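Trainee: Got a minute to go through this one with me? I'd like to ask a few things while we look at the model.

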Amino acid sequence: SARALVIAEAARRHAGPVLVIQPDSLSAKRLEDELKFYLGEDSAYPLLPFPDWEILPYDRFSPYQDILSDRLAALAQIPSLRQGILIVPAATLMHRLPPRDYIDAHTLMLKVGKKLNRERFRERLGGCGYRAVSEVMEHGDFAIRGSLIDLFPMGAAEPYRLDLLDEEIDSIRLFDPESQRSTEAVNEVRLLPAREFPLTEPAINRFRSNWRTRFAVQPGRCPVYKDVSQGLAPPGIEYYLPLFFEQT
């Protein structure tokens, strides 16, 4: 692990972030574990993995939610990163990324004492790609039961439980997804979008237009086109990300 020691020392001496490109996901994960040992708990030098989707191009599968969570956490943190290490598999460098303003526009800070309308919040969560479920278990899930809102934000290590008093956030607590029991109280939570692309009406219209421009095939015969037109995110939609934006 001598190379990891050298990279950790370089990050401490360099007056800016350090980008480390690894051949594949396995070597990126191994280097991440080694760097955690050498950097320790030094918060001045954060370690940001930016994992690969680990799916084949245009296959009918989507990445695991934990992978998307790590990617979105990195995308949200990179613009303000002053020092630290970003680890990226080589294949990931070839992927198009959403514009910075997409992440900024779809990030929401929830704080104790802040006003929150349940119905508008439900609509916003759906527009950001979160899934309404009966019991929150993984990243991107949310459940609304009366005055309680459970959600597992992308980029978070644990899910959160919001307790509302009328339209005001009375408390925010972490909870265990296995036992569903609340634990530590916190004052705020950052809510990132659940996907790297939007499924708003303007984005869907842009996708439809770009699709018809790029592919010489009848749209009505394409399941992906039909699903997105209905506001759905079919498996494997991630590789069509550029179609949702004017530029990436």
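Trainee: Where in the fold is E178 found?
Mentor: We're looking at a predicted model, so keep that in mind. One strand to look for is β9, residues 168-175, and the other is β10, residues 182-186. E178 sits in the loop between β9 and β10.

Trainee: Is E178 buried or exposed?
Mentor: The cut-off for exposed is over 50% relative accessible area. E178 comes out at 66%, so the label is exposed.

Trainee: Which residues form the negative surface patch with E178?
Mentor: Patch members need over 30% relative accessible area and no salt bridge. E178, at 66%, is over that. Its partners in the negative patch are E158, D176 and E184.

Trainee: Which strands are the edges of the open sheet?
Mentor: The sheet has 6 strands with mixed pairing, in the order β5-β6-β7-β8-β9-β10. β9 and β10 run antiparallel and are joined by 3 bridges, and one of the bridge pairs is F175 with S182. The strands that pair on one side only are the edges: β5 (131-132) and β10.

Trainee: What stands opposite M109 in β11?
Mentor: Strand β4, residues 108-111, pairs with β11 in the antiparallel sense over 4 bridges. On β11, V189 and L191 make the covered face, while E188 and R190 make the uncovered one. The residue opposite M109 is R190.

Trainee: How many residues apart in sequence are the parts that R71 and E196 tie together?
Mentor: The two form a salt bridge, with their closest N and O atoms 2.6 Å apart, and both are buried. R71 lies in helix α3 (residues 65-77) and E196 in the loop between β11 and α6 (201-214), so the salt bridge ties together parts whose separation in sequence is 125 residues.

Trainee: And D104 with R100, which helix are they in?
Mentor: That's a salt bridge too, with the closest N and O atoms 3.7 Å apart. D104 is partly exposed at 46%, whereas R100 is exposed at 57%. They are 4 residues apart, about one turn, and both lie in helix α4 (residues 100-105).

Trainee: What is the area of the nonpolar patch made by L19, I21 and L93?
Mentor: Start with I21, which lies in strand β1 (residues 17-22). I21 has a relative accessible area of 45%, so it counts as partly exposed. Together, L19, I21 and L93 make a nonpolar surface patch of about 280 Å².

Key: Residues are numbered from 1 along each chain as its sequence is written. This is a predicted model: local features need pLDDT of at least 70, side-chain atom pairs count only at pLDDT 80 or more; totals for chains, interfaces and linings use all residues. Side-chain values use heavy atoms; hydrogens and water are left out. Patches are made of residues with over 30% relative accessible area and no salt bridge: like charges are joined within 9 Å, nonpolar side chains (Val, Leu, Ile, Met, Phe, Trp, Tyr) within 5 Å. Accessible areas come from the Shrake-Rupley method with a 1.4 Å probe; for residues, only the protein chains shown count as cover. A salt bridge is a side-chain nitrogen of Lys or Arg within 4 Å of a carboxyl oxygen of Asp or Glu. Lys and Arg count as positive and Asp and Glu as negative; His and the chain ends are not counted. The place of a charge is taken as NZ of Lys, CZ of Arg, CG of Asp or CD of Glu. Helices (H or I, at least four residues) and strands (E, at least two) are DSSP runs, numbered from the N terminus. Buried means under 20% relative accessible area, exposed over 50%, partly exposed in between (1.4 Å probe, protein chains only). Two strands pair if DSSP finds at least two bridges between them.
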